[in-house]
Amino acid sequence: MIEVKDLKKSFDNVEVLKGITTTFDTGKVNLIIGQSGSGKTVFLKSLLNVHEPTSGTILFDGRDIMKMGRDEKQTLRSEIGTVFQGSALFDSLTVEENITFPLDMFTNLTFREKKRRAMEVMGRVHLEKAGKKYPSEISGGMQKRVAIARAIVNNPKYLFCDEPNSGLDPYTSNVIDDLILEITKEYNTTTIINTHDMNSVMTIGEKIIYLRNGLLEWEGDKDKVITARNKNLIDFVYSSELFKELREYFLQTDKTSIENIITKQDQNEKDI
């Protein structure tokens, strides 16, 4: 679990994050959504301590990253897997060498042990025959799967993904979503995804936070998105005519259950 309390971040006296408080649960896929400029990337990088927050608290299973010393931060880094936007693979390394890179950085495993672990995760992401290939020799979807394999090779407690579906076709995006969901459940990780992909929101969003102008404006799950009454959220999520029509159809054909959900939301939904 990752707990965030009143997190703020400023650059040159410009406040980008304006006091965000939320919780990311273990064993769930947590999504961060919002328009460009809403603070999503700064928020993700603050959680990773790439940007040092101006103020606030970030707790990794009760451990305050703001109060950690160098050795403690190094230990935490070994518990984090990251899937970067664009995959960020090393062009000069093979798929297998890319995947074993975190093991070289954070473990004292033997060469044989690293190779065995790499083979295990390559099997997990269905890349058993790609180990000797270079990134330029495989497709964009395969590169994403290599990035995921590299992120989980060290059995991380926390998995961060920055736009994992960027540049992929819809079918491959669904494959990546399913893979991330399966891995989250299998390894019981705290998974946090920064995304613009509304298909991901509606299919794997077990916890969704919507940022706007540096503030957490709404949080809920994929089911509550359908019935949410936050106009800014609705305009963002249902920006396409297709999604708008689907939402209207759902609301018109299932009014009874919608009313029940809305009643419950009065008690449970955080609509700021």
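## The largest pocket

In this predicted model, the largest pocket has a volume of about 680 Å³. Its lining is made up of 27 residues, and Leu48, Ile80, Gly81, Thr82 and Phe84 are the ones closest to the pocket centre.

Several elements each give two or more residues to this lining: helix H1 (40-47), helix H2 (70-78), strand S6 (80-83), helix H3, helix H5 and strand S7 (158-162). By residue class, the lining of the largest pocket holds 16 nonpolar, six polar and five charged residues.

## The second largest pocket

The second largest pocket encloses about 160 Å³ of space. Its lining consists of Thr94, Glu96, Glu97, Thr100, Asp104, Phe111, Lys114, Lys115, Gly131 and Lys132.

Helices H3 and H4 each supply at least two of these residues. H3 gives the largest share, with four residues. In the lining of the second largest pocket, six residues are charged, three are polar and one is nonpolar.

## Helix H3

Helix H3 spans residues 95-106. Its buried residues are Val95, Glu96, Asn98, Ile99, Thr100, Pro102 and Leu103. Among the elements that cover them are helix H4 (111-124) and helix H5 (140-152).

H3 also takes part in both pockets: it gives two or more residues to the lining of the largest pocket, and four residues to that of the second largest. Glu96 and Thr100 are buried in H3, and both also appear in the lining of the second largest pocket. Of the two helices named as cover for H3, H5 contributes to the lining of the largest pocket, and H4 contributes to the lining of the second largest pocket.

Conventions:
Residues numbered from 1 in each chain as written. Predicted model: local features only at pLDDT ≥ 70, side-chain atom pairs only at ≥ 80, totals over all residues. Heavy atoms only, no water. Buried < 20%, exposed > 50% of the residue type's maximum accessible area, 1.4 Å probe, protein only. Contact = heavy atoms within 4.5 Å. 1 Å grid on protein atoms, 1.4 Å probe; cavity = no way out; pocket = protein on both sides within 12 Å on 5 of 7 lines; lining within 4 Å. Points joined across faces, edges and corners; volume = space filled by probe spheres on them. Nonpolar A, V, L, I, M, F, W, Y, C, P; charged D, E, K, R; others polar.
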